[in-house]
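I opened the model to look up a helix pair, one further helix and the surroundings of the ligand. My notes follow in that order.

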Amino acid sequence: MLDFKIFIVEDDKWYGNLLEHYLSQNPDYEVTLIGSGKECLAQLHRKPDLITIDFGLPDMNGEELYRKIKQAQPNVPVIIISAQEKITTAVDLLKMGAEDYLVKDENTQQLLWKAIIRLRENQSLKNEITQLKAELKTRYDYSISIVGKSPALQAVFRLIDKAAGSMINVSITGETGTGKELVAKAVHYNSARSGHPYVAVNMAAIPKELVESELFGYEKGAFTGAQNRKIGRFEEANGGTLFLDEIGEMDLNIQSKLLRVLQEKELIRLGGNSKIKLDFRLVVATHKNLADEVKKGNFREDLYYRIVGLPIALPPLRERKDDLLLLTQFFLSNYCKENKIPEIRVSPAGREKLLTYNYPGNIRELKSVIELAAVMSENNIIEPDDITFLSGNNHDVDTVLNTELTLREYTRLIIRNYLKRYNDNVLLVAEKLDIGKSTIYKMLQTGEIEGA
Ligand SMILES: Nc1ncnc2c1ncn2[C@@H]1O[C@H](COP(=O)(O)OP(=O)(O)OP(=O)(O)O)[C@@H](O)[C@H]1O
């Protein structure tokens, strides 16, 4: 460990030597005794980790020296040691940011010893927090966490930059598992609001009757069971970003309340009467086409225009197959690192198989497929047999069409597939495909298709 440099500024030589001797018992401490304020300032270039100053120095008083030290080195901790017990002086210095204020008596050395230990513990916590914050930032440095080189994704990156650099609302659309939440986080953590909260609420996951209290919060006694005040999610996001996922699921009554909050930038908790000022950036996401929902009367038009802000549309994975192998590599290497196992590769035939599937669950599904394949693989190589597609539909539409079957054969393939999906329920399959049930029965009778 590097030595911890301590300056003791004390004009009483005997007392200074006492402190120096006492603190030097710790071999990690490099203690320097300094006799005056001026000399202390002259030595600051040595970058001490802590300075203790005697309040009553002959050349300048403790407060003046404190200010000068802080001007030169704002981050160095300073402990004041004083012969006088004037509370107001102590309070003033502590308010100005002094680390501690110790009164000279027979316990001073021990108190100082303890104060230094406390200080170092706090410093190591602070360092840890700074390091964690830096890590968090790289985690959301989207060029690392959002993988993809396809032109479609590059366009998304440019929009994330635009959104992060402004305060505009953002609306993200895309099928399930395309990375909507990842984009919302990237916008927040790269924006000027990154030091403030990021609050995510999934509208589809909150029971209807709880939505209002969850979003707006409530005062004690607002309704039966409201035993304490609860801060709502809007308020929690104050200063930061509120991410409303699946906004298309929000019911019309809540939509009008959200609109009011956005217009007035304030809310009243349920059962309360004081207005609370709000300031957050709204990011919404949906897998639905909101403009269509507006046409159908399911979504308020005025709210739609308020929230649409900067739209970011995420392409489905099947439309950017050039990213698929990159993502595969990314998930595989994460998997191996997390499980502390040697690198696993995908064989050329395995890669072919991965590329023929259409991934209705998009990147989330690819991740699960890859992790399962990694578990199933032998000798650190993923072969086609190790790969199982989760939706049970191994046929990418393009692949099926390229097989060039006859119409009769296509019909057979489709009916067989549906019967498998709906547990041989002929009536349901006939209804789903909008064909007569007798067509299916006939094919079953002649053995053209076989039931389960
Ligand atoms: N481009 C990408 N690079 C790396 N991982 C990604 C990428 N896109 C998505 N993922 C991963 O895929 C999973 C699903 O992403 P996310 O939850 O952001 O999708 P979503 O669109 O919000 O899904 P849903 O609509 O179902 O809520 C997550 O594990 C996420 O980390």
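I took two residues to be in contact if their C-beta atoms, placed from the backbone, lie within 7 Å. The model is predicted, so local features need pLDDT of at least 70 and side-chain atom pairs count only at pLDDT 80 or more, while totals for chains, interfaces and linings use all residues. Residues are numbered from 1 along each chain as its sequence is written.

I looked first at where α18 touches α19, and found that Ile 415, Tyr 418 and Leu 419 in α18 meet Val 429, Lys 432 and Leu 433 in α19. The residues of this contact divide into five nonpolar, no polar and one charged, where Ala, Val, Leu, Ile, Met, Phe, Trp, Tyr, Cys and Pro count as nonpolar, Asp, Glu, Lys and Arg as charged, and the others, Gly among them, as polar.

I then looked up the geometry: α18 (residues 407–421) and α19 (residues 426–433) pack at an angle of about 130°, with their axes 9 Å apart.

Next I turned to α8 (residues 180–189), where eight of the ten residues are buried, that is, have 20 or more other C-beta atoms within 10 Å of their own C-beta atom, placed from the backbone. Among the buried residues of α8 are Lys 180, Val 183 and Tyr 189.

Finally I checked the ligand: of the 18 residues around the ligand, Val 147, Thr 176, Gly 179, Lys 180 and Glu 181 come nearest. α8, α14 (321–338) and α16 (362–376) each supply at least two residues of this shell, and by class the shell has six nonpolar, seven polar and five charged residues.

Methods: Buried ≥ 20, exposed ≤ 12 C-beta atoms within 10 Å, placed from the backbone. Helix = DSSP H or I, 4+ residues; strand = E, 2+ residues; numbered from the N terminus. Axes fitted to C-alpha atoms, helices over the stretch in contact; angles between N-to-C directions. Near = placed C-beta within 6 Å.
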